[in-house]
2 protein chains.
Amino acid sequence: MAEKPGRPATIFDVARLAGVSHQTVSRVLNDLPNVRASTKQRVELAIKQLRYVPSPAARALVTRRTRTIGAIATGGPDYGPSSTMLGFNEAARAQRYAVSMANVVESDLASVREAVELLLRQNVEALVLITERVGVLDAVLRIETGIPLVAVDPTGRAEHAVAIDQYQGARIAVEHLLSLGHRKILHLAGPLDSVDAGERARGWRDVMAASGLAAVEPLVGDWSPDSGFRAGETLSAADFSAVFVANDQMALGLMHSLRAHGRRVPDEVSLVGFDDIPEAAHLAPPLTTLRQDFATLGRQIMDSLAELLSGEAGDERAPIIPQLVVRASTGVPTVNRVSV
Amino acid sequence: MAEKPGRPATIFDVARLAGVSHQTVSRVLNDLPNVRASTKQRVELAIKQLRYVPSPAARALVTRRTRTIGAIATGGPDYGPSSTMLGFNEAARAQRYAVSMANVVESDLASVREAVELLLRQNVEALVLITERVGVLDAVLRIETGIPLVAVDPTGRAEHAVAIDQYQGARIAVEHLLSLGHRKILHLAGPLDSVDAGERARGWRDVMAASGLAAVEPLVGDWSPDSGFRAGETLSAADFSAVFVANDQMALGLMHSLRAHGRRVPDEVSLVGFDDIPEAAHLAPPLTTLRQDFATLGRQIMDSLAELLSGEAGDERAPIIPQLVVRASTGVPTVNRVSV
DNA sequence: GCGTCTGCTGTTAGCGCTCACAGCCCGGGC
DNA sequence: GCCCGGGCTGTGAGCGCTAACAGCAGACGC
């Protein structure tokens, strides 16, 4: 209760109350050796009594370390990036790092650059970049920040990257369709400037080519259900038995369009999505898709960062492989069934 | 190019290069008056040449202002909270405030308290709380932080709150069903510890009571599509013609269950959701729901905070009213149609 | 006995800024 | 001539901490 109402206690106030020098208090604060147990106790008591909180500013000023990480994310509140950010944030907090967030919705390059600068002005010790946009990724990689950067990047552009193996996920999706007997497999891709979309399209193309199948130019959406619906509208009478859709939301929109045109899923058209959003299991029909472990991805970001900041070895982290979740939107193609 | 590779430039380096005192540099940095235009120019040139960035730590040490806001969010990557956080983050950045994020997934009280303390240790100037959990809200409100707190809170618990009017939204939803002729209207509520869920249930109950209709005990879910599905399974043969579902995801799960039991929407059962998630327009059938303007909510948080921090008057902010979006999941009840 | 080492504690000097205040110069009033 | 005031600039102190080093015991070896 010996509280001065004036202003927050400093290390000197604690020292006086505990009857030691401020340096001894500092030693207790930083858990340094060479402090007698009884002294330590007295100091800790004084700290509690005065409700002393060390000043991060003073500390940062002398140590030149802010223990803060700047996290940049682009785009809206989508399931994937949000989950990744959450996972990272929790991991960072567990290691007592503060996270300064800069979420750029309109991810034009100027805004992104500005966000980076704002973070640098805060003297963050490292940067995390969660974006799927090629342009943003390349732009941030080009900036000379002088601090470590870890990016979510399945393409290997970034020096320090973590990733979910989008390419492999796409292969698994298409191979699933192939194994059911599908041969005419379309692809509804994500936006052209998305690294994830690019990798998924590449996976689809490669599997098709390896199977000697023609891969017609993929349709392109923007991840939104609306764009999936619109893509479906252009498809009307096209000849295909399955579509590998680059994400669940577009698959939902496409489903909607197919339904509107009387093409039944999976009886006439099989659909595979990507992400396994919480909604996927309850669509009509429940969607076969690839689950991505975003939480682990987020944690990996922090792990990778911790290695960089401590200057440790840092073994390469293998990309996370998405997991196929088979539900009711995929089945044996009609032609096969008819030919029995 | 006159760059010392050693360590970052300080205000004294700039002063020397510009041929002025460090104080004049400080004046330029802070845009204070009484600096000759030509002097200012020289200083600015020196700043650019040395790539000088002022130290936030040194600044914070003497001004006692960190220009940082701590933002606490609880729960997973749901559409609503994520959007709100995004809106807030952009607004804060626009006012040159840094945002230190603490996202607590497992929102037990101990973790939340810990998150608050971590932020306080960073000397944030204010706190933002984005949670729907009664327990978390109450717990944080009780903590003596000594700094302003703005919470998302439609119940009026928090002294400084912004909100979407959940109660009013629920009334609009139920009134929509009433106007179509429904009388037996169930409610599938969100979790019991959710302020939003409570307000929505209250709105439903009040409208039912005002219309002299019996409001049977609502079903309770946890916002997830899965819980909506499970709720549907318990409903099998119950007597009702419409359900007001407390969010879109549960509505989706419920839809799934109804479909599985051959009860058609909207022919036999009308459904109204809440949120207007991007998926809502493409469900089978497209979902009637209430749209919430989360982006504006996020901006309001920052506006409210700015007032508090500047000590301005700060007029009360009226809660945002959700907007009814009528789609195909609601229609005239069967009995009425049959009775023609 | 002395020197030395080890465990603990204190003293001093900054870290890079802003604040308060002390100048300086020049124009204008008397 | 003088003084006064306002625009501009510089000087010194200090924010609250850590790093480096200095000191001061007591234990121990010889």
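Me: Which residues are closest to DNA strand D?
Reply: In this predicted model, 28 residues surround strand D, the closest being A:I11, A:S26, A:Y52, B:S21 and B:T39. A residue is near a strand if one of its heavy atoms lies within 4 Å of it. Chains are lettered from A in the order written, residues are numbered from 1 along each chain, local features need pLDDT of at least 70, side-chain atom pairs count only at pLDDT 80 or more, totals for chains, interfaces and linings use all residues, and side-chain values use heavy atoms, without hydrogens and water.

Me: What part of the DNA faces the protein, backbone or bases?
Reply: Of the strand D atoms within 4 Å of the protein, 62% belong to sugar or phosphate. The rest belong to bases.

Me: Which base atom does A:H22 approach?
Reply: A base oxygen of DNA strand D, 3.1 Å from a polar side-chain atom of A:H22.

Me: And B:R27, what distance to a base nitrogen?
Reply: 2.9 Å, from an N or O atom in the B:R27 side chain. For A:Q23, a side-chain N or O atom is 3.2 Å from a base nitrogen.

Me: Which element gives the most to that surface?
Reply: α4(A), with five residues. Helices here are DSSP runs of H or I, at least four residues.

Me: Switching topic. How confident is chain A?
Reply: Its pLDDT, the predictor's confidence in each residue from 0 to 100, averages 92. At least 70 is scored by 96% of the residues.

Me: Where is confidence lowest in chain A?
Reply: In helix α13 of chain A, residues 334-338, at a mean of 51.

Technical notes: Polar contact = N/O pair within 3.5 Å; in protein donor to acceptor, adjacent residues only side chain to side chain. Helix = DSSP H or I, 4+ residues; strand = E, 2+ residues; numbered from the N terminus.
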